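Work through the exercises below with the sequence and the model open. Try each task before reading its solution.

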Amino acid sequence: MEKFNGKKVFSGIAIGKVKLLLKAENQVVRKRIEDPAAEIARYEAAKQTAIEQLHKLYKKALKEVGEVNAQIFDVHAMMLEDGDYNDSVHNLIESQSVNAEYAVGVTGDNFAEVFANMDDEYFKARSIDMKDISERVINVLCGNDMGSDLGDEPVIIVAKDLAPSETVQMDKSKLLAFVTQLGSTNSHTAILARTMGIPALIGVEIKEEWNGKQAIVDGYTGTLIIEPDEAALAEYKKKAEEDAKQKELLLTLKGKENVTKSGQKINLYANIGNVSDLAAVLKNDAGGIGLFRSEFLYLEKDTFPTEEEQFVAYKQVAETMAGKKIIIRTLDIGADKQVDYFNLDKEDNPAMGYRAIRICLTQPEIFKTQLRALFRASNYGNIAIMYPMIISVDEVRKIKAISEEVKEELTKEGIPFGNVEQGIMIETPAAAVMSDELAKEVDFFSIGTNDLTQYTLAIDRQNAKLDSFYNPHHEAVLRLIQMTVENAHKAGIWAGICGELGADTTLTQRFLEMGVDELSVSPGCVLPVRKAIRDAE
């Protein structure tokens, strides 16, 4: 039995087998081989396994997301059978006596570069596909499946790091816990863990030999136990049972009002990143959705999602929530959420760079496609729209002008839409300081405390080395929140909090005293926050 300590991200107990995920590029080392024919045979077997994986993914995607979205897996399977691609791999192995991993990696890079330099947009897009299929084959050769198929039983995911695009593709019903070596307590993997209500640790030095072994994740103490002995297993099974009982007690709060002992009421909503999170919203009795991170529609795809694809997703959320408020944030791509097909330049400081509303205002064709889908979906439920990374009144007026253009177009086309509230996220100090002027332009404020804290304290929340300096309870942050709420109320609009701070029950009383109108938290945090509200004076 071995114990390892990390930083806790979300509390809870998980007991199960480790599923180790390693990125393929860390495994690609040039090695000299003695038998090229045997190495080619090894490549062909790995390629066939990769094709079979793609066919399974196609069938799964066909049921879950439809023909259009499933086709990418069919295309990848066909590309793996391309003669020129296979000839290149074979030739490298034979002529240079190198291992299959290296030959596939070089071939993938070469073909990707060729496609990237073509004028035709369709072929340019194939550049990303070449890298994807090559990485899949390398993963098979290394015995590392980085696909979304996690196996038949729930597992503890252990990885050096996980990108948002990787985590969103995982089957959430198969996840017991996350353990990563890199990342921070404010990374999007951490946010996903909190959304799902599963224990998660970061900062754990991972080892390859853990794969497949029994493990325990203690999200309360930040402890990972590999191959626990019988005594530890019995102890943690008992803790897990007690944990489950506490959660059952919280379930007695379902259907109860979010009201303090003195009668003060507050709205309590949930944050989600995908349509699949709706089940957790309903299960935890949230009053609505205070933040739907629409960028996950973009992260899950290899090309820009169409208006129709977005409309279907937004409409499904609207219909499922049956009249409850749904606040959808326009795309917040950039910073730590990179999407290859956006072709964003590498930036030295991406958190303060070309992201979110800055992309939307400089590429209005992308923005208008999303707005059309949102307004169309508003005809089927209570949808509100909010815009991220605002720093000026001028930006808001430009947004409103584009919004009016979209509504005029839909009206001319005879397409119905609802009366949509439009608000902004207060997540920059500039927006907080200017909130008195901004409040005159919008219907509501939603305070994104994650970025507001980051920018106010000048601390990169993705940098784990700075976790000890990152203080979301800093009085400067709390004063900006207070100022924002007061300015909202002076203008007759409401103000909520949709950042992680909203779930911090040590601040619930303070937020109530500030007059915050709404808290939006991860679905798993709704009932604990409701308890804190009902216990407050």
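**Exercise 1. Classify Arg-530 as buried or exposed, then find its salt-bridge partner.**

Solution.
1. In this predicted model, Arg-530 has a relative accessibility of 2%. The cut-off for buried is under 20%, so Arg-530 is buried.
2. Its side chain meets that of Asp-285 in a salt bridge, at 2.7 Å from N to O.
3. Now place both ends. Arg-530 belongs to helix α19, residues 526-535. Asp-285 sits in the loop between α8 and β10.
4. The two residues are 245 apart, and the pair links distant parts of the chain.

**Exercise 2. Asp-535 and Lys-531 also form a salt bridge. How many residues apart are they in helix α19?**

Solution.
1. The N to O distance of this bridge is 2.9 Å.
2. Asp-535 and Lys-531 are 4 residues apart in α19, so about one helical turn separates them.
3. Check the exposure. Asp-535 has a relative accessible area of 40% and is partly exposed. Lys-531, at 41%, is also partly exposed.

**Exercise 3. Locate Lys-207 and Glu-2, and describe their salt bridge.**

Solution.
1. Lys-207 lies in the loop between β6 (200-202) and β7 (214-218). Glu-2 lies in strand β1, residues 2-5.
2. They are 205 residues apart, so look for the contact in space: this step rests on side chains of opposite charge being able to pair when their charged atoms come close.
3. The closest N and O atoms of Lys-207 and Glu-2 are 4.0 Å apart.
4. Lys-207 is partly exposed at 30%. Glu-2 is partly exposed at 38%.

**Exercise 4. How many salt bridges does the structure hold, and which residues are linked in a network of them?**

Solution.
1. The count is 30.
2. The network takes in the acidic residues Glu-307, Glu-308, Glu-405, Glu-409 and Glu-413.
3. Its basic members are Lys-368, Arg-372 and Arg-376.

**Exercise 5. Trace the strand pairing around β9.**

Solution.
1. Start with burial. Strand β9 spans residues 267-272, and 5 of its 6 residues are buried.
2. Take one partner. β9 pairs with β16 (residues 518-521) in the parallel sense, over 4 bridges. Here Ala-270 is bridged to Val-521.
3. Take another. β9 also pairs in the parallel sense with β10 (residues 289-293), over 3 bridges. Here Ile-272 is bridged to Phe-292.
4. Follow the chain from β9 to β10. It passes through helix α8, residues 278-283, and this β-α-β crossover is right-handed.

**Exercise 6. Which residues have the most contacts inside the largest nonpolar core, and which helix gives the largest share of it?**

Solution.
1. The largest nonpolar core has 88 residues.
2. The residues with the most contacts inside it are Ile-289, Tyr-314, Leu-371, Leu-438, Phe-445, Ile-481 and Phe-511.
3. Helix α12, residues 364-377, gives the largest share, 7 residues.
4. A second core is separate from it, with 26 residues, among them Ala-50, Leu-54, Leu-92 and Ile-133.
5. Return to Phe-445. Beyond four places in sequence, its contacts include Ile-424, Leu-438, Thr-484, Ala-488 and Trp-494.

**Exercise 7. Describe the surroundings of Ile-326.**

Solution.
1. Ile-326 lies in strand β11, residues 326-329.
2. Its relative accessibility is 0%, so Ile-326 is buried.
3. Setting aside residues up to four places away, Ile-326 touches Ile-289, Val-317, Ala-318, Met-321, Asn-382, Ile-383 and Ala-384.
4. Leu-291 is 35 residues away along the chain, yet the C-alpha atoms of Ile-326 and Leu-291 are separated by 7.4 Å.

**Exercise 8. Compare the span of helix α17 with the expected span, then list its buried residues.**

Solution.
1. Helix α17 covers residues 475-490, 16 residues in number.
2. From first C-alpha to last it reaches 22 Å, close to the 22 Å expected at 1.5 Å a residue.
3. Its buried residues are Val-477, Leu-478, Leu-480, Ile-481, Thr-484, Val-485, Asn-487 and Ala-488.
4. Just after α17, Gly-492 takes a positive phi of about 80°.

**Exercise 9. Is Asp-84 buried or exposed?**

Solution.
1. Asp-84 lies in helix α2, residues 83-96.
2. At 53% relative accessibility, Asp-84 is exposed.

Terms used. Residues numbered from 1 in each chain as written. Predicted model: local features only at pLDDT ≥ 70, side-chain atom pairs only at ≥ 80, totals over all residues. Heavy atoms only, no water. Core = buried A, V, L, I, M, F, W, Y, C linked by side-chain atoms within 4.5 Å. Buried < 20%, exposed > 50% of the residue type's maximum accessible area, 1.4 Å probe, protein only. Contact = heavy atoms within 4.5 Å. Pairing = 2+ DSSP bridges. Right-handed = clockwise from strand over helix to strand, strands pointing away. Expected span 1.5 Å × (residues − 1).
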